[in-house]
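Open the model in a viewer and keep the sequence panel visible. The stops below are given in the order in which to select them.

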Amino acid sequence: MSDEIEVNATRKYKLDYIVTEGKQPPPEIHGDVFDRQRVMKNFDQHSVEQQHIFVLGVGGIGSSIAMSLVRMGVDTIYLLDRDFVDASNLNRQILFSLLDVGKSKVEVAAQHLKCIHNLRTNIYDYHMDAVINWSCVVEIAKKCTVIFNNVDYGAVFDYAVNSLCKSLGILYVAGSTYANNIEINLFSGLLNDPCWACNNNTNDSFKFNIEEIENRNDIQLLLKEICCISGEQAQSIIEECSNELNLHQPSVLQLSTLFMPLYQQKVLKLLLPQSIQLHHSIEFIPKDRSFPTRTVGSWVGVCVSGACLIVNTWIQYLMKTKNSNSDTNQSFHNWSQLNLSMLDGGYDTVGFPNEQTLQCCLICSNAKQIAKQNSYLEKNIST
Ligand SMILES: [Zn+2]
C-alpha cells in the first residue's frame with residue numbers, strides 16, 4: 001500500500017457513496033483525506049469538489065469561512081478584500097499572525113490557506129475595493145456557484161450583491177456577527193425563490209440625521225463626506241434629481257423628504273438584474289454610517305463558530321438540492337439568528353421558510369421579466 005496522500009479520490013475511484021443507517025461504511029481508501037466527509041449520511045463530496053466560490057471580504061467571518069471551505073475540498077475559491085491587517089484584528093481573524101500587521105489581508109489569507117489548510121483547492125486573491133472595482137466582482141461572480149458576502153459596507157451593497165446573484169442564478173450567502181450574535185442569510189438565486197430584498201429594505205441607508213446636514217448646501221460634497229458617494233455616475237444622478245425636483249439648494253427638510261427618496265429610487269433601479277452586470281464601479285451607492293466593531297466588541301468564538309454555521313447552512317442547502325427525496329422548500333430557512341451568550345438566554349434560532357412572498361420585490365420581478373423576454377426571443381429565433 002502506498003504512503004501517498006490521496007486528495008482526488010472522488011475522481012480517481014469514482015466514489016459517490018453515502019453511508020445509510022444500519023450499513024457498514026465502505027472500505028477506507030488509504031490516504032484519502034476526505035474519507036471522514038464521504039461517510040457522512042447525505043453528504044456528497046463530489047458536489048463539494050465541483051464548487052467555485054467567491055468570498056467577498058476576509059475579515060472576522062470571511063477568513064474562517066475561507067478556511068472551512070478549503071478544508072472541505074471545494075474546487076476553487078476567489079478571495080477579495082481591500083483592507084490591510086491591523087493589530088486589533090488578530091484576536092479573531094484566524095488567518096493572520098503578529099508578523100502580518102500592515103500587510104494585505106487577501107494576500108496573507110491566500111498564502112496561509114495554501115501553506116496550512118489547502119488540500120486540493122485553487123486559491124486566487126484580489127486586493128481591491130469591491131465598490132470601486134465592481135466590474136471585477138461581476139467577472140469573478142460569473143465563474144462561481146455561490147457568493148459569500150462578508151463585506152461591511154451597508155444595506156445597498158448587500159442589495160447589489162444579491163441582485164448580481166439573482167441575475168446569474170447563483171446562491172447568495174451572507175453572515176454577520178454583532179457582539180455575541182450571529183446572523184445567517186441564504187437565498188438560492190433561483191427565479192421563483194425569494195431574495196434578500198424581498199424581506200429587507202435599504203431605506204435607512206438613504207436617511208440623514210438632522211445634525212449631519214444642517215447648514216450644508218453642496219449636495220455632492222455632503223453625500224461624499226457622509227455616505228462615501230462619489231464618481232461621475234453619482235454626479236449625473238445628483239444632477240438628474242436636482243433638475244427633476246428643481247431643487248439646487250434644498251433645505252434640510254427637502255433634502256430628506258424629496259431629494260434622497262428620488263436618489264434612492266434611481267440607485268435601486270440601476271442595481272436591478274437588468275443592469276447590475278454593466279457598471280464599472282458602484283461608487284454611487286451610500287455606505288451605511290454603522291457603528292464600528294469597537295463599540296460592540298468581537299471575539300474568536302463568535303467569528304469561528306459563526307463562520308462554521310454559515311458554511312453549514314450552505315452545505316445543508318447544497319446537499320438538499322442534490323438529494324431528490326428531500327423537499328427543499330418545506331424545510332429550509334433563509335434567515336437565522338443565534339445568540340452565543342449563555343447569560344443572555346442561550347442559543348436561539350428563528351427564520352422564515354423558503355417561499356416566495358405574494359409581493360415579490362423589484363429585483364425578483366425584474367429577473368422574471370428578463371427571463372420572460374429571453375424565452376420569447378428564443379422562441380422567435382427558433383421558429
Ligand atoms: Zn426578491
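Select Asn 246, in the loop between H10 and helix H11 (252-270). The model is predicted, and in it Asn 246 has a positive phi of about 55° although it is not a glycine. Most residues other than glycine have a negative phi. Is Asn 246 buried or exposed? Asn 246 has 7 C-beta neighbours inside 10 Å, so it counts as exposed.

Step back to helix H10, residues 232-245, which Asn 246 follows. H10 has 14 residues and reaches 20 Å from its first C-alpha to its last, close to the 20 Å expected at 1.5 Å a residue.

Next, select Cys 228, in the loop between helix H9 (219-227) and H10. Cys 228 also has a positive phi, about 60°, and is not a glycine. With 17 C-beta neighbours inside 10 Å, Cys 228 counts as partly exposed, because burial takes 20 or more.

Now show the whole chain. Its secondary structure comes to 15 helices and seven strands. Of the 383 residues, 36% count as buried. Among contacts between residues at least 6 apart in sequence, 68% join residues at least 24 apart.

Colour the largest nonpolar core, which has 88 residues. Which helix gives the most to this core? H7 does, with nine residues. The core draws at least three residues from each of domain 2 (42-200 + 292-344) and domain 3 (205-270). In soluble globular proteins, nonpolar side chains tend to be buried together. The residues with the most contacts inside the core are Val 55, Ala 66, Leu 79, Ile 147 and Ala 160.

Centre on Leu 79. Leaving out residues up to four places away in sequence, Leu 79 touches Val 55, Val 58, Ala 66, Val 106, Ala 109, Ala 110, Asp 125 and Tyr 126.

Val 106, Ala 109 and Ala 110 lead to the next selection, helix H5 (residues 105-117), where they are among the buried residues. The others are Lys 105, Val 108 and Leu 113. What do the buried residues of H5 pack against? Show helix H4 (60-72), strand E2 (76-81) and strand E3 (122-127) to see their partners.

Move on to Asn 118, in the loop between H5 and E3. Asn 118 is partly exposed, with 18 other C-beta atoms within 10 Å. Beyond residues up to four places away in sequence, Asn 118 touches Val 70, Leu 113 and Ile 123. A distance label between the C-alpha atoms of Asn 118 and Val 74 should read 9.9 Å, although these residues are 44 apart along the chain.

Jump to residues 296-315, which an unreviewed UniProt entry lists as "transmembrane region". Over this stretch the chain is 85% helix and 0% strand, and the end C-alpha atoms are 30 Å apart.

The last stop is helix H15, residues 362-382. At 1.5 Å a residue, its 21 residues should span 30 Å, and its end C-alpha atoms are 30 Å apart, which agrees. Select the buried residues of H15: Ile 363, Cys 364, Asn 366 and Ala 367. They cover an arc of only 165° around the axis, so they lie on the same side of H15. These buried residues pack against helix H7 (155-168). Rotate to the other side of H15, where Lys 372, Gln 373, Tyr 376, Lys 379 and Asn 380 are exposed.

How values were computed: Residues numbered from 1 in each chain as written. Predicted model: local features only at pLDDT ≥ 70, side-chain atom pairs only at ≥ 80, totals over all residues. UniProt positions renumbered as here; feature names shortened; annotations may be inferred. Helix = DSSP H or I, 4+ residues; strand = E, 2+ residues; numbered from the N terminus. Buried ≥ 20, exposed ≤ 12 C-beta atoms within 10 Å, placed from the backbone. Contact = placed C-beta atoms within 7 Å. Expected span 1.5 Å × (residues − 1). Arc of directions from axis to C-beta. Core = buried A, V, L, I, M, F, W, Y, C linked by C-beta atoms within 7 Å. Domains from an automatic or database assignment.
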